[in-house]
Amino acid sequence: MAGLGSGGATVPQSEASGIEGPPLPIFPVSEAPSFKGSSSISRYALLSKIQRLCRPEDREERGPSVCGCGRPGEGATHVNIHLRYGEQTGEIRSGVSGVYRCKSAWLCPTCAPAKALERAEKVQEAAEATFRRGGMSALVVLTASHSKDQSLKHVKNLVHTASSKARKTRAWCKAVEKFAILGVICGQEVTLSLENGWHYHQHLSVLVDEATHEEKALVTPSASPLCPDRIGPVTFEEWFLPFLAAVPAAEVSSRFIGPVRYGTPYLRLIRRAIGKASGDRIGPPTKEQVFTELARIRAQAAGDFLADAYKEKIRAAGGKVSDRHGCKVRVAHDAEDASSYTAKGSMAWEVSGGHKDETKAETSLTPWDIARAASDGDTFMFARWKEYETVMPGTVSCRRSKELCKKLGIEPDAPENDEGEQVFHEQDDIVGRVEAPVWSRWMSQGLASTFLARVEYGGEEGFDEAVTATEADSVKIERWWQERKAERVREEAEQKALWQEKHADKLEKARRTEQSGSPDNDRLLRQAANDVRKHRSTVGARRYIVDVIDRVARDNPAQGRLSAADVFETSGVADENDRIFAELFGMSEADWLAAA
């Protein structure tokens, strides 16, 4: 699997990354006008685009693990193709087994839904354990004001740091005791606003415990119950005053008598909880109903406290946050509500394009929207995607602390491992097999989604036809690439020839300089030429040149050896015989001297 990081062979590139690619084949809609395919098709189509966006310009450099997702593992001979019936969605979905999965929750549209579901299950398990023991969960959203000129890294660091610091103060420790907070689970999410830039925010689930010791002491069963036929809420006096004398003063802590939320005394909250628990039921509420309402009040108060502490830290760091819209707090209806809200993240990013139900604003884009626009050639979105690709991977989301798991009696989280893994072959619902080299080529050419769409449309009976049609598309793309490659080679050769012709003199001078190995060669060359001219009449130019070059090389060992042709040409001492022989053999005088 070490060789899967860069994705293997060359694939068509979009204009966003600077390399044009052929139009990828799409499923022939004319054959089935009403057929759209399952969400698996959309995810594989988007995966091909993201792999092209993430692949480094240097082919030797290793890219992120998403570049190898969906490809056959090392040593694999084939991949299995499946057709399954989705019980929840009711759609027929195609799938692949025996391939590498990157497990990237932030970059991979095929792995993100499974990773988000895993996070949601962890949050739901903690929430269910909290609700079983009579506790509640407050759902808090933490945001900050942002603008187009702020980077994602800046916005993320601002929110993340303030959120972390808000839960590390002495006041927070007191709040944990006062509201019986079990722990906090934090989820991350990021979108892009065309008007206001990056919008990074956190979804927190604040889990509070069951009825406290003081609550159990204050709310006790009635020794003289009211008439069970009575309709309407029980008043505070009817419920609380008969038992006040029986409760020891030591059981009522001063911290519960004081203000709990926005200056509201705790006893008044008990009175409110009793009224809500009574409602229109017949007879007084049970103590479990009152405990549930009290836990709800504590959860809301804990969420409000955390939101206020977060705003204080944001402003201390120089950021801005709206008192009205900056943070939202509400109490979860049940465990499923807590899990889906906290673990939204990539789960909310519908790859088929129906993301507006989640982001609400028409100008708000999910990372998948950014990837689509970048792949279509939008240079602005390509820059945003590269920014997102750098900042978000590795961000931990929905991690449960060991202390929280211990309090709730659940298994602690295993260390997160974002390394990919080989998915073994599954044997159920197989409709066919594709050889590993063929599937790898289809992935490189962006044909995996096209093939899976054909399989969903034709079923097991049309599997062979889907393979044949996809192979035909693959041949067309390969031919297109070969033509483009040959064309580029021709263009480069022509440009190189024109440049060499235009700069022939400069190239010759550069060659000589390279041979000399030193900028001082010109000075030595002039000295050697002068010596040759001085002794021309006594020794003869050709024989004396060798002696001069040997002496210069001996006196200057750090310099490159001079060329006899260069010394001869510079000295200008060629005699008539040299000129005659050079002309006879069709050579320059310098080349004739060098040959001689």
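This note goes through selected helices and the nonpolar cores of a predicted model.

1. Basis. In this predicted model, local features need pLDDT of at least 70 and side-chain atom pairs count only at pLDDT 80 or more, whereas totals for chains, interfaces and linings use all residues. Residues are numbered from 1 along each chain as its sequence is written, and side-chain values use heavy atoms, with hydrogens and water left out.

2. Helix H1. Helices here are DSSP runs (H or I, at least four residues) and strands likewise (E, at least two), numbered from the N terminus. For the 16 residues of H1 (residues 39-54), a rise of 1.5 Å a residue gives an expected span of 22 Å, and the end C-alpha atoms, 22 Å apart, agree with that; the expected span is 1.5 Å times one less than the number of residues. Of these 16 residues 13 are buried, so H1 is largely enclosed by the rest of the structure, where buried means under 20% relative accessible area (1.4 Å probe, protein chains only).

3. Helix H2. The 21 residues of H2 (residues 112-132) should span 30 Å, and the end C-alpha atoms are 30 Å apart, which agrees. Its buried residues include Lys115, Arg119 and Lys122 as well as Ala112, Val123 and Ala126. They pack against strands E4 (136-142), E5 (181-193) and E6 (197-208) and against helices H10 (335-342), H12 and H14 (402-408). After H2 comes Gly134, with a positive phi near 90 degrees.

4. Ala374. This residue lies in helix H12 (residues 367-375) and is buried, with a relative accessible area of 0%. Ala374 and Lys49 are 325 residues apart in sequence, yet their C-alpha atoms are 8.8 Å apart in space.

5. H3 against H13. Helix H3 (residues 152-166) packs on helix H13 (residues 379-391) at about 40 degrees, with the axes 10 Å apart; axes are lines fitted to C-alpha atoms over the stretch in contact, and angles run from 0 to 180 degrees between N-to-C directions. That makes H3 oblique to H13, oblique being whatever is left once angles under 35, over 145 and from 65 to 115 degrees are set aside. Leu152, Lys153 and Lys156 of H3 meet Glu387, Tyr388 and Val391 of H13, contact meaning heavy atoms within 4.5 Å.

6. Cores. A nonpolar core is a set of buried Ala, Val, Leu, Ile, Met, Phe, Trp, Tyr and Cys residues joined through side-chain atoms within 4.5 Å. The largest has 86 residues, and those touching the most other members include Ile81, Tyr388 and Phe451. Its largest share, nine residues, comes from helix H9 (residues 287-316).

Conventions: Buried < 20%, exposed > 50% of the residue type's maximum accessible area, 1.4 Å probe, protein only.
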